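Student: I would like a close look at one part of this model: the annotated binding-site positions and what surrounds them. Please take it residue by residue.

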Amino acid sequence: MCGDLRSAHAGQSVILMGWVNRRRDHGDLVFLDLRDRSGITQVVVDKSESTEALAKAEAARPEFVVAAIGTVRQRIAGLENPNMPTGDIEVVVSELLLLSDAKTPPFSPAEDAIVNEELRLQYRYLDLRRPEMQANFLMRHKVAQAIRGQLSSEGFLEIETPMLTRSTPEGARDYLVPSRVHPGTFYALPQSPQIFKQILMVGGFDRYFQIARCFRDEDLRADRQPEFTQIDLEISFPTQETVFGVAERFLTAAFAAANVTIPTPFPRMTYDQAITKYGIDKPDMRLPHMAELTEVLTPELRESLRIEPALPVFGFVIPNVGELSGTARKSLLSEIRAFFGDSGLDALDITRLRTSEAFVPLAEEIGSHLNATTIAFNGNSFTTNDLAVVITPKLGTPALWNFDRQWIPKRIGALRIELAKKFADKHKLFDKTGTADDYRFLWVTDFPMYEFNEEKKTWDAAHHPFTSPHEDDIKSGALYNDKGSVRALAYDVVLNGLELGSGSIRIHRKDVQSEIFRSLGMTDEEARERFGFFLEALEYGTPPHGGIALGLDRIVMLLAGASSLREVIAFPKTAKAIDLMVQAPSEPTEQQMRDLHLKTAVRS
């Protein structure tokens, strides 16, 4: 391989095959940098060695595929290339074969600069030749292999589940596939193997896993694709602790495959704690949490500062932002107010408070509370280089708080993330340190069982309809009488503010599963029509079971330091769900439509 040769190989006869990365013509001497996925070796074509080989080297151009036959020799002292692992040697060519020529590419895989992403996706086969992309996919392979090895060592069986199934409610739209042999009927591509892996538990396979392809017809983001890969597993007779332990062990193995050591066990936090402290159910633990400052503000101070007397006040710190000038501070306040719009929330300028004698004690007490969060976070007090932000509800703020007591921390939590992103690159907030602090994992537990759909005035499953409620909420009757208070035995694993995966302890009783379907607005007849096979399976001795699914694409994206899943998926779609290389989706032929008994209706 082109990246294998070292000084120890000097004098050996070798054959190298790969792409011409660069070519340098010195008349009677031509240098070719030959590249494959292992690296680059310089080959030298000298007229004195072979005039025929020299003629072919002169004809070669970047991205030609060639075979070079020759002898390894040590480079002349002073001409070594310390930037290449093979930089101490070169191959003197005796014979050169041009295996395949190449048009001038629209961009060069040898260049460091990233070209227009749409062009990269259109010519993905060229983009995949870039060393950065090849490194990403080598890492992806190693991570997947490490996960397979760890789960296999713990007694898990890898079992494939169907790709053509029936539509089930998973929270997103299904991709439908028409059946030719059953006109008018459709398969659905799986959003996850959820029901099948539960049926495998009924079938006695107590430990299942699969690196599964899944499909969701939803709007795309940098961390979302219509088809994706997840690490899917299910266990019979588990507690939550069982699932947590399995997931932490295979994540430890996966990260070790990328030479990263992560500490376990991961910290835990309930959903309610996450919202109160971070304003989001997937907290980025690389930033200090919010501090509630409600008690700091007396009624007199609230009146003086025109703050709503009955609503909470929160503050937070973004570290290492640097001291802001008065102009920059005013600009930032304007940005914060624009972010909140007419929600009734406003920002309090602590720096201004410190210049007013009447408010100095308030500024100091606020600073003391925020300081406690940074000390708990990293053991250090916050300084003038850290940005302190205090958000207050203005007088006359809408009474939405009475309906949803989480809306204020959620809005402030969203601002916290936006400000961190704003200052991240300039002040290197999230630069890798080479320590465990680069990867801050967290388990979030005890999610709500239901979410109220304000538009439809119905309850939706917050996780999915196969998640078990807390046993206490079944016994107390809350499951039947107070849906807003019901907790799910659901959990997410979060890394650096990204949800890596979700799981839950499942429902294994038919009566409870039927009740969940009813609570979601499904009649018993509809439930039997859609899930009769599953409800019947629950009647034949179903073990308690639970599991989790984690996104392999997201794990590799974070390990690669990439900003988009498209950097770690070989053939991804654009933000408009288009494959630019093969131009999919495409229109079917008339014959295909006739075979499938389909017609299209185009509406303006």
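Tutor: Here is a walk through three annotated residues, followed by one helix.

The model is predicted. Start with the record. An unreviewed UniProt entry lists Arg216, Asp217, Glu218, Gln225, Glu499, Gly551, Leu552, Asp553 and Arg554 under "binding site". Under that heading, UniProt also lists Glu170, Arg216, His463 and Arg506.

Take arginine 216. It sits in the loop between E9 and E10. How accessible is arginine 216? Its relative accessible area is 22%. The cut-off for buried is under 20%, and exposed means over 50%. Arginine 216 therefore counts as partly exposed. Setting aside residues within four places in sequence, arginine 216 contacts Ala172, Arg173, Tyr175, Gln191, Ser192, Pro226 and Phe228. One of these partners also takes part in a listed atom pair. The arginine 216 side chain reaches the backbone oxygen of glutamine 191 at 3.4 Å.

Now aspartate 217. The loop that holds aspartate 217 runs between strand E9 (207-215) and strand E10 (227-236). At a relative accessible area of 29%, aspartate 217 is partly exposed. Beyond four places in sequence, aspartate 217 touches Arg173, Asp174 and Tyr175. Arg173 and Tyr175 are also among the contacts of arginine 216.

Move on to aspartate 553. Its place is in helix H17 (residues 552-560). Is aspartate 553 buried or exposed? It is buried, because its relative accessible area is 3% and the cut-off is under 20%. Outside its neighbours within four places, aspartate 553 is in contact with Arg140, Phe228, Thr229, Leu565, Val568 and Ile569. With arginine 140, the link is between side chains: a polar contact of 2.8 Å. Phe228 deserves a second glance. It touches aspartate 553, and it touches arginine 216 too.

Last, helix H15 (residues 510-519). Why is H15 described as largely enclosed by the rest of the structure? Because seven of its 10 residues are buried. They are Val512, Gln513, Ser514, Glu515, Ile516, Phe517 and Ser519. What covers these buried residues? The cover includes two strands, E17 (450-453) and E18 (458-461). It also includes helices H13 (471-475), H14 (478-481) and H16 (524-537). Just after H15 comes glycine 521, with a positive phi of about 85°.

To recap the annotated residues: arginine 216 is partly exposed, aspartate 217 is partly exposed, and aspartate 553 is buried.

Technical notes
Residues numbered from 1 in each chain as written. Predicted model: local features only at pLDDT ≥ 70, side-chain atom pairs only at ≥ 80, totals over all residues. Heavy atoms only, no water. UniProt positions renumbered as here; feature names shortened; annotations may be inferred. Helix = DSSP H or I, 4+ residues; strand = E, 2+ residues; numbered from the N terminus. Buried < 20%, exposed > 50% of the residue type's maximum accessible area, 1.4 Å probe, protein only. Contact = heavy atoms within 4.5 Å. Polar contact = N/O pair within 3.5 Å; in protein donor to acceptor, adjacent residues only side chain to side chain.
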